[in-house]
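Visitor: Could you take me closely through the central sheet of this protein and the parts of the chain that surround it? I should like each term explained as it comes up.

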Amino acid sequence: MVDRRAAGLPIEHVLGWAEFCGLRIAVDPGVFVPRRRTEFLVRQAVTLARQAAKATGQAAKAAGQAPARPRVFVVDLCCGSGAIGAALAAALDGAELHAVDVDPAAVRCARRNVAASGGQVYEGDLYQPLPATLRGRVDVLVANAPYVPAGAIGLLPPESRIHEPRVAVDGGADGLDVLRRVQKAMDPNGVMNPGKLGL
């Protein structure tokens, strides 16, 4: 293990796991390593999901219905190892998680990481593989999409440049190509537009 680390393999690939939001996330060789800074995204998503659940409960109460414990629907795009989805499922009791990645190795790894929560992981490009049953039901969409400009990939540390898949970091000429495609599914107020999602 020391020899592998000294040769430049990321410590998470040597150990086979990374700590993320207090969880042990499996990280297979060749899969993007979840970054601690991404925990901020998880905290923000948890806050939004709880607000959505509260609003659903209040709407039921206002309609004279017994407020059942609302189920929160979460979509995690560009999920990689599934770290974000696993952390959200752990923080949001009863959440229904759907995660997507284009990389088959990442999908296999993510399926192991979200199995305990009953989350579903799909292989495909962004929204394309998501089931139609999500139409009008998604409360929180998270996406830690590739954001490194293609011309800057050579400047990344060797741990990332050599050992993580290019598809996980390459955001196109200005780093925003994938993010633009994610954003196209939003209306001007930042609300998901199911028609644009195909949902």
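Guide: Let us approach the sheet from the loop between strand 1 (17–20) and strand 2, where Cys21 lies; helices (H or I, at least four residues) and strands (E, at least two) are DSSP runs, numbered from the N terminus. The model is predicted, so local features are described at pLDDT of at least 70 and side-chain atom pairs at 80 or more, while totals for chains, interfaces and linings use all residues. Residues are numbered from 1 along each chain as its sequence is written, and side-chain values use heavy atoms, without hydrogens or water.

Cys21 has a phi near 50°, a positive value in a residue other than glycine. With a relative accessible area of 32%, Cys21 is partly exposed; buried means under 20%, exposed over 50%, and partly exposed in between, for a 1.4 Å probe and protein chains only. Phe20, in contrast, reaches many parts of the chain: beyond its neighbours within four places in sequence, its contacts (heavy atoms within 4.5 Å) include Ile25, Thr38, Val42, Ile84 and Ala87.

One of these partners, Thr38, belongs to the loop between strand 2 (23–26) and helix 3. Thr38 is buried, at 10% relative accessible area. Not counting residues up to four places away in sequence, Thr38 touches Asn144 as well as Phe20 and Ile84.

Phe20 also belongs to the largest nonpolar core, which has 25 residues; Phe20, Val42, Val74, Leu88, Leu92 and Val121 have the most contacts inside it. Such a core is a set of buried Ala, Val, Leu, Ile, Met, Phe, Trp, Tyr and Cys residues joined through side-chain atoms within 4.5 Å. At least two residues of this core come from each of helix 3 (39–62), helix 4 (83–91), strand 4 (96–101), helix 5 (104–114) and strand 6 (140–143). A second core, separate from it, has 16 residues, including Phe73, Tyr122, Val138 and Ala145.

We now reach the sheet itself. Its four strands pair in parallel in the order 5-4-3-6, and the sheet is open; two strands pair if DSSP finds at least two bridges between them. At the edges are strand 5 (120–123) and strand 6, each of which pairs on one side only. From one strand to the next, the twist averages 15°.

Consider strand 3 (residues 73–77), which runs parallel to strand 6 and is joined to strand 6 by four bridges. Val74 stands opposite Val140 of strand 6, and Asp76 has Val142 of strand 6 as its bridge partner. Helix 5 packs on this sheet, touching strand 4 and strand 5, and its direction makes about 175° with that of strand 5. Such angles run from 0 to 180 degrees between the N-to-C directions of axes fitted to C-alpha atoms, for helices over the stretch in contact.

Why is strand 3 described as largely enclosed by the rest of the structure? Five of its five residues are buried, so strand 3 is largely enclosed. In a regular strand the side chains alternate between the two faces of the sheet. In strand 3 both faces are covered: Phe73, Val75 and Leu77 are buried on one side, and Val74 and Asp76 on the other.

Strand 3 also pairs with strand 4, in the parallel sense and over four bridges. There, His98 of strand 4 is the bridge partner of Val75. The chain passes from strand 3 through helix 4 to strand 4 in a right-handed β-α-β crossover; right-handed means that, with the strands pointing away from the viewer, the path from the first strand over the helix to the second runs clockwise.

Strand 4 is likewise largely enclosed by the rest of the structure, because five of its six residues are buried. Strand 4 and strand 5 run parallel and are joined by four bridges, and His98 stands opposite Gln120 in strand 5. Here the chain crosses from strand 4 through helix 5 to strand 5, and this β-α-β crossover is right-handed.

The loop between strand 5 and strand 6 holds Leu126. Leu126 has a phi near 45°, again a positive value in a residue other than glycine, and at 7% relative accessibility Leu126 counts as buried.

Finally, a word on confidence. The protein averages a pLDDT of 89, and 90% of the residues score at least 70; pLDDT is the predictor's confidence in each residue, from 0 to 100. Over residues 194–199, pLDDT stays under 50. Where pLDDT is low, the predicted coordinates should not be read in detail.
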